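User: I would like to go through the labels given to this model and see what each of them rests on. Could you take my questions in turn?

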Amino acid sequence: MPKKVKTRKQKILADSRRRAAPTSEKKVDSITYSIPAQKHTPNSISVTPAQTNKHVSIKTASYSYLSADLRRTVFLTLAITIVEIIIKFKVKGI
């Protein structure tokens, strides 16, 4: 299949679109950030995270579509497997 060649009119239109489009050139100023030095004290207070028992409950009503999708997937997989087995036995001649 030959490569599609642009006509002269298409090239002129593309060039005019490129020239009319705003350029996204951004000026980047070099900025230097400095972080103040912190004193490291080995005897500082240690913070332990509080243990919370969060029980997350999921309602099955919000996933009602899932059972229908899983059922279709199982039926389709079984159908494909059965057809493959039948074809395999017919090819072997059993």
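User: Why are Arg72 and Asp69 separated by about one helical turn?

Analyst: In this predicted model, Arg72 and Asp69 are three residues apart in helix H2, so about one helical turn separates them.

User: What makes the contact between Arg72 and Asp69 a salt bridge?

Analyst: The closest N and O atoms of Arg72 and Asp69 are 3.5 Å apart, and because a salt bridge requires a side-chain nitrogen of Lys or Arg within 4 Å of a carboxyl oxygen of Asp or Glu, the pair qualifies.

User: Why is Arg72 called exposed, and why is Asp69 called partly exposed?

Analyst: Exposed means over 50% relative accessible area, and partly exposed lies between 20% and that value; Arg72 has 59% and is therefore exposed, whereas Asp69, at 36%, counts as partly exposed.

User: How do you know that Asp15, Arg18 and Arg19 are linked in a network?

Analyst: Asp15 takes part in a salt bridge with Arg18, with the closest N and O atoms 3.9 Å apart, and in another with Arg19, where the closest N and O atoms are 3.3 Å apart. Because each distance is set against the limit of 4 Å, both pairs count as salt bridges, and the three residues are linked in a network.

User: Why does Ile82 count as partly exposed?

Analyst: Ile82, which is in helix H2, has a relative accessible area of 49%, and because exposed requires over 50%, Ile82 is called partly exposed. Ile82 also helps to make a nonpolar surface patch of about 500 Å², together with Val74, Phe75, Leu78 and Ile86.

Terms used:
Residues are numbered from 1 along each chain as its sequence is written. This is a predicted model: local features need pLDDT of at least 70, side-chain atom pairs count only at pLDDT 80 or more; totals for chains, interfaces and linings use all residues. Side-chain values use heavy atoms; hydrogens and water are left out. Patches are made of residues with over 30% relative accessible area and no salt bridge: like charges are joined within 9 Å, nonpolar side chains (Val, Leu, Ile, Met, Phe, Trp, Tyr) within 5 Å. Accessible areas come from the Shrake-Rupley method with a 1.4 Å probe; for residues, only the protein chains shown count as cover. Helices (H or I, at least four residues) and strands (E, at least two) are DSSP runs, numbered from the N terminus. Buried means under 20% relative accessible area, exposed over 50%, partly exposed in between (1.4 Å probe, protein chains only).
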